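Reader: I am new to this structure and would like to understand the words people use for it. Could you take me through them one at a time?

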Amino acid sequence: MKAFKRTFLIVLALILIWGLTSIYFVYKATKDQKENIEFSDNINILVIGIDSVDPNLNENTRSDVMILLNINRSKNQISIISIPRDTKTAIKGRKYEEKINHAYAYGGPELSLQTVNNLFGTDIKHFVVLGYDFVKELIDLMGGVKVDVPMDMVYSDPTANPPLEINIKKGSQILDGEKGIGFLRYRKGYSSGDQGRIEAQQMFLSQFAKTFKSPLTIAKIPFIIKLYGNKTKSNLSMENIFDISISGAKCLNKSINMQTIPGSPKYINNISYYIHDENATRQLFYDVNN
């Protein structure tokens, strides 16, 4: 009985410590709290992964990954819709249509969000920008991601920011943060071009989501909050982020619905673009939100 009481008190003390730590980090992360938004049953967010370590930089920075995240609370379903970086579109202030990933360099996440809404006829209001450091540190914090790497991935670009060195062997393995970033950024060798890269990224995200089902995730919450507060940029308040996280956690028992904007690649004036299918895209958004 004494041993049980001692164990119980130790566990209780640990819970109290983690609870107080969480409150402390939440307080620090929300000092500049933005206005809270009342979400409907559908939460739609543009998630932008940029080719930089700093999410606050716009100049000379492009979106490397662009995803529409939908959490349908009535269906307990998470949908991830990838937007190919080469998607051809009009961008406010530019004379000719360009690739959608250029919008970030011209006007940051606000212009990227406006460009997405204008192209697809959506009314998404919220964005989250993730730099390389956030993704790398989050992967390491969660203990890595188990991935079946489809091919040897070897690539070097010393001019990238940060310099890019990829050397990952083919086969099933646990990728740490550094190799996880390399896997996500690797663009060569896919027979279907950028579509193959998108499919690999979606597979990685699906595997990464599984790591959050571990009971040990609870102990990591304060560190995740701190990392999010320091390494991302968003127009969402921290309270909204908690709301989204709770809603997302309820959906993790179901498989994530992975989609790509319907369309096809096309060369125009010797430049590779992705031309989206307007009707099929409209139907995709309807299906996800209803």
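Author: Gladly! The protein chain has 8 helices and 14 strands. Please keep in mind that this is a predicted model. Of its 290 residues, 44% count as buried. Among contacts with a separation of 6 or more, 66% are made by residues 24 or more positions apart.

Reader: Why is Phe183 called buried?

Author: The label needs a relative accessible area under 20%. Phe183 has 1% relative accessibility, so Phe183 counts as buried. Phe204 has a relative accessible area of 2% and is therefore buried too.

Reader: Which residues touch the most other members of the largest nonpolar core?

Author: That core holds 42 residues, and the ones you ask about are Ile78, Met153, Phe183 and Phe204. Leaving out residues up to four places away in sequence, Ile78 touches Leu69, Asn70, Ile71, Gly248, Cys251, Leu252, Ile256 and Asn257. Another core, of 20 residues, lies apart from it, with Tyr104, Phe120, Phe127 and Ile261 among its members. As background, nonpolar side chains in soluble globular proteins tend to be buried together.

Reader: What makes the aromatic pair of Phe183 and Phe204 stacked?

Author: Two values decide this. Ring centres must lie within 6.5 Å to pair, and planes under 30 degrees apart count as stacked. For Phe183 and Phe204 the centres are 5.7 Å apart and the planes make 25°, so both cut-offs are met. This pair links distant parts of the chain, as Phe183 sits in helix 4 and Phe204 in helix 5, 21 residues apart.

Reader: And why is the pair of Tyr186 and Tyr190 called edge-to-face?

Author: Here the angle has to be over 60 degrees. The planes of Tyr186 and Tyr190 stand at 70°, with 6.4 Å from centre to centre, so the name edge-to-face applies. Tyr186 and Tyr190 are both buried. A search of the whole structure finds 5 aromatic pairs, and one aromatic cluster is formed by Phe183, Phe204, Phe208 and Phe212.

Reader: How do you know that helix 4 meets helix 5?

Author: Contact means heavy atoms within 4.5 Å. By that test, Gly180, Phe183, Leu184 and Arg185 of helix 4 meet Arg197, Ala200, Gln201, Met203 and Phe204 of helix 5. By class, this contact has 5 nonpolar, 2 polar and 2 charged residues. The axes of helix 4 (residues 177-185) and helix 5 (residues 194-211) come within 8 Å and cross at roughly 145°.

Reader: What makes strand 11 and strand 12 the edges of their sheet?

Author: The open sheet has 6 strands in the order 11-6-1-2-3-12, with mixed pairing. Strand 11 (232-234) and strand 12 (257-260) each have a single partner strand, so one side of each is left without a neighbour in the sheet. Ignoring direction, neighbouring strands here are turned by 20° against each other on average.

Reader: How do you know that strand 6 and strand 11 pair?

Author: Pairing asks for at least two bridges. Strand 6 (residues 126-130) is joined to strand 11 by 3 bridges, so the two strands pair. They run antiparallel, and Leu130 has Thr232 in strand 11 as its bridge partner.

Reader: Which strands does helix 2 touch?

Author: Helix 2 (residues 103-120) packs on the sheet and touches strand 1 (42-50), strand 2 (63-72), strand 6 and strand 11. Its direction makes about 155° with that of strand 1. Helix 5 lies across strand 2, strand 3 (77-82) and strand 12, at about 165° to strand 12.

Key:
Residues are numbered from 1 along each chain as its sequence is written. This is a predicted model: local features need pLDDT of at least 70, side-chain atom pairs count only at pLDDT 80 or more; totals for chains, interfaces and linings use all residues. Side-chain values use heavy atoms; hydrogens and water are left out. A nonpolar core is a set of buried Ala, Val, Leu, Ile, Met, Phe, Trp, Tyr and Cys residues joined through side-chain atoms within 4.5 Å. Buried means under 20% relative accessible area, exposed over 50%, partly exposed in between (1.4 Å probe, protein chains only). Axes are lines fitted to C-alpha atoms, for helices over the stretch in contact, and angles run from 0 to 180 degrees between N-to-C directions. Helices (H or I, at least four residues) and strands (E, at least two) are DSSP runs, numbered from the N terminus. Ala, Val, Leu, Ile, Met, Phe, Trp, Tyr, Cys and Pro count as nonpolar, Asp, Glu, Lys and Arg as charged, and the others, Gly among them, as polar. Rings of Phe, Tyr and Trp (its six-membered ring) pair if their centres lie within 6.5 Å; planes under 30 degrees apart count as stacked, over 60 as edge-to-face and the rest as tilted.
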